[in-house]
Amino acid sequence: MADLDDPNQTSFSIPFQGNEENSIGVEAPSFRPFQYKCDLLDGEKLRIEAYRAAWRKSLDHIKSILHALHAPIASKVLYSVHTSYSRILPGLPYLEVPTICITDQTSNSTFLDQIAEVLDTVDLDDADSTNTASFTSHLYPSDCINLTSAMKALIAGFVERPHILERGSKLEKGRSAVSLVNYDIEILVAWYTAVRDSYEITAEHEPKLVIVLHEFEQLDPLVLQDIFTISSLFVSRLPLVFILSLSSPPFTSFLDATYPRSILALLRVSNVVVPSGLKVLEEVILRTYFSLEFEPDIIIGPGALSYLIDYYTRHDSSIDAVLNILQSTPSQMLSGDASIPFLEELSARLHLFYPNDTQWSKQPIESLVGLTDDARKSLSTRARRLRLGFHIIKILQDFMTSQGYKGISWWNDINGNGIVDAIIVALRGELGPDIKYLGTMVKKLRPSQLAALFDAMHSFFNALPVHVRSAEEEARTTLVLAINTVTVGNDDVTGMGTNFAVWLVNELLMPLETVPLWDLWYTGTTPFVSNLINPSIRGTIVTGLLHPHDFVGTQASSDGPSIWELPDTSILFHRYLDSGKLLNVYDWFTAFKQDLETQRENLLETRRLAKSKSNTKSPRKRGKGKTKEINVESEESLEQWEMQVQARFIRALQELDYLGFLKHTGRKVDHVQRVVFDMRD
């Protein structure tokens with residue numbers, strides 16, 4: 001037992017022992033029996049794992065798309081690093097420090113990670129890889145508080161490599177730093193010389209020392225000026241290369257506007273611009289959720305896509321923000337009503353689509369799981385046909401514009417969001433008028449143009465993956481029949497456009513909401529909950545303190561709980577809102593004590609009533625029992641109760657102080673200042 005009176009102890013650990021009266025003879029079941037038909041065994045855990053697997057699948061595919069988009073730029077950066085000291089202009093009075101400015105307006109960390117991973121994964125023992133060998137060190141704004149900390153972090157990023165230091169006796173680990181401080185660049189010179197001699201690297205194959213400056217606009221310019229100056233003095237002994245990560249627009253160079261000419265003269269700057277803007281978002285959405293080669297487990301609906309477009313164009317145009325929204329959107333599907341059993345809700349949803357079958361509640365679990373799998377396959381097929389119809393419309397749109405026709409007006413609207421708007425309209429099932437317009441335009445095509453259009457579609461079908469082509473054999477057959485009908489000399493194609501439009505609407509572009517249990521894998525038109533990525537922390541804390549029963553899910557009276565029914569911190573916070581700008585701590589304690597007295601009296605009265613109802617003896621004996629209970633309660637030590645009230649007050653006061661509701665003032669020792677002035681409702 002901890003000695004609570006020990007003044008040398010600053011904190012104590014009091015483990016919770018539980019309520020012995022309620023814990024005797026009670027044993028929690030290890031699993032929920034199937035006969036209750038509430039949920040699957042570990043159903044909640046299985047659903048969370050399924051969500052994680054679905055998001056991991058989509059995330060890996062999105063990363064592959066980003067890597068493909070960044071591959072040409074990454075190759076250019078890597079080539080500039082490896083050839084930075086092989087293309088030096090002759091006649092220069094001094095060596096310039098190679099500097100690569102990477103402008104990435106999306107503030108995407110994926111691109112820098114992709115480059116750093118390639119630069120820093122080279123085996124020096126491999127003779128063939130020494131042509132592209134390099135080491136990297138990363139500097140962040142927190143490292144550049146002053147020159148000393150910046151140089152320390154820069155040097156440590158290179159020399160703290162255990163797999164390099166374990167090389168034989170030639171390296172003589174630690175000997176070069178005997179008389180040098182950890183921020184002296186001579187340490188880096190000694191380490192680099194030892195590595196070069198140990199691995200017997202020639203001058204032509206010297207590994208480059210790459211310094212990556214993250215969030216370059218946030219770094220202290222004065223500290224960086226000193227780093228650039230020091231680096232220029234040692235560039236003949238250390239093959240240093242700087243990579244600057246900028247998020248400012250490339251047409252107004254932050255480097256030229258911030259640093260003086262004397263510093264810029266020390267650098268040999270080359271600029272690289274990473275693809276950004278709405279085109280990157282279009283590629284991610286189109287190739288992830290509307291691709292015929294990839295089928296996501298969870299489909300993002302038009303409600304979440306509309307929010308994503310608005311947030312991306314107005315607030316944060318970074319890939320990281322896009323990934324956060326895409327990851328948070330499916331999690332809304334897991335936040336259902338916990339009071340309804342899962343299998344009961346599943347049976348009710350199946351009854352909506354199959355009203356003739358009234359025995360869903362009596363179906364075995366295996367039958368419900370089988371029907372759920374069938375619904376998932378049906379939704380996957382419907383989604384694949386929807387994506388196929390969308391790509392056919394895209395081919396029609398591209399063909400019409402290439403032939404000089406107007407096409408769909410909103411597709412190329414300069415004030416719109418391009419193909420993303422078309423995806424949202426297709427998911428909402430509002431493409432009917434546009435398809436009719438395209439059908440009308442198809443009717444106006446000459447037979448030669450119509451033959452060229454169908455040839456383009458035939459090539460599109462032949463390029464589809466094998467599993468998609470075999471699954472959509474009916475659509476391919478329809479197209480082949482249309483190609484055979486159209487000949488160069490045949491002018492009777494007036495009904496071709498109408499039939500083609502009807503086929504698209506009735507066969508391919510069917511809404512996903514008509515499939516049973518569609519909302520398990522498709523978010524639909526449900527709007528995105530912005531609090532998932534931009535939560536109102538202050539409002540949530542205040543609401544939680546005012547209405548704690550709403551967060552823990554306990555039932556309260558219709559008029560709301562009384563103040564004595566609330567937790568201690570909530571009681572103290574209610575009295576906090578009743579005060580002025582300055583709070584007298586003693587008056588605050590007095591009001592808190594009165595509420596606890598009321599709480600104690602009501603709890604004792606509730607306990608007496610419960611015991612009196614459970615007593616089956618005669619009224620006389622019940623009266624004696626009640627008198628004895630009153631005597632027992634009256635014998636409780638008043639001093640112990642006072643200490644308990646003080647301890648509960650101090651704990652609640654410290655919690656409010658920790659949450660930032662109090663400000664200490666030196667004018668009055670027994671007062672604290674109120675910093676939040678919210679209303680109760």
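The pLDDT is the predictor's confidence in each residue, on a scale from 0 to 100. It is a good place to start, because the model you are looking at is predicted. Across the chain the pLDDT averages 79, and 77% of the residues score at least 70. Confidence is highest in helix α7 (residues 221–233), with a mean of 94, and lowest in helix α1 (residues 20–23), where the mean is 42. Two other stretches call for some care as you look around. Over residues 168–177 the pLDDT stays under 50, and the model gives this stretch nine contacts beyond four places in sequence. Residues 621–634 also have a pLDDT below 50, with nine contacts in the model beyond near neighbours in sequence.

Now step back and take in the whole chain. You will find 26 helices and eight strands. Of the 681 residues, 39% are buried. Among contacts with a separation of 6 or more, 77% join residues that are 24 or more positions apart. The accessible surface comes to about 38,600 Å², and carbon and sulfur atoms account for 53% of that area.

Let us move in on one helix, α11, which covers residues 302–314. How far apart are its end C-alpha atoms? They are 18 Å apart, and this agrees with the expected span, because 13 residues at 1.5 Å a residue should also reach 18 Å. Several residues of α11 are buried: Pro302, Gly303, Ala304, Leu305, Leu308, Ile309, Tyr311 and Tyr312. What do the buried residues of α11 pack against? Their partners are the helices α10 (278–289), α12 (319–331) and α15 (419–428).

Next, look for the empty spaces inside. The structure holds three cavities of 30 Å³ or more, and the largest encloses about 70 Å³. Its lining is made up of Tyr51, Ala54, Trp55, Ser58, Tyr289, Asp297, Ile298, Ile300 and Pro330. Helix α2 (residues 43–82) gives the largest share of that lining, with four residues.

Our last stop is a single residue, glutamine 673, in strand β8 (residues 671–674). Is glutamine 673 buried or exposed? Its relative accessible area is 15%, and a residue counts as buried when that value is under 20%, so glutamine 673 is buried. Leaving aside residues up to four places away in sequence, glutamine 673 touches Lys581, Leu582 and Leu583, along with Phe661, Leu662 and Lys663.

Definitions and conventions
Residues are numbered from 1 along each chain as its sequence is written. This is a predicted model: local features need pLDDT of at least 70, side-chain atom pairs count only at pLDDT 80 or more; totals for chains, interfaces and linings use all residues. Side-chain values use heavy atoms; hydrogens and water are left out. Helices (H or I, at least four residues) and strands (E, at least two) are DSSP runs, numbered from the N terminus. Buried means under 20% relative accessible area, exposed over 50%, partly exposed in between (1.4 Å probe, protein chains only). Contact means heavy atoms within 4.5 Å. Accessible areas come from the Shrake-Rupley method with a 1.4 Å probe; for residues, only the protein chains shown count as cover. The expected span of a helix is 1.5 Å times one less than its number of residues. On a 1 Å grid over the protein atoms alone, a cavity is a set of points where a 1.4 Å probe fits but cannot get out, and a pocket is an open set with protein on both sides within 12 Å along at least five of seven lines; lining residues have an atom within 4 Å of a point. Grid points are joined across faces, edges and corners, and a volume is the space filled by probe spheres set on the points.
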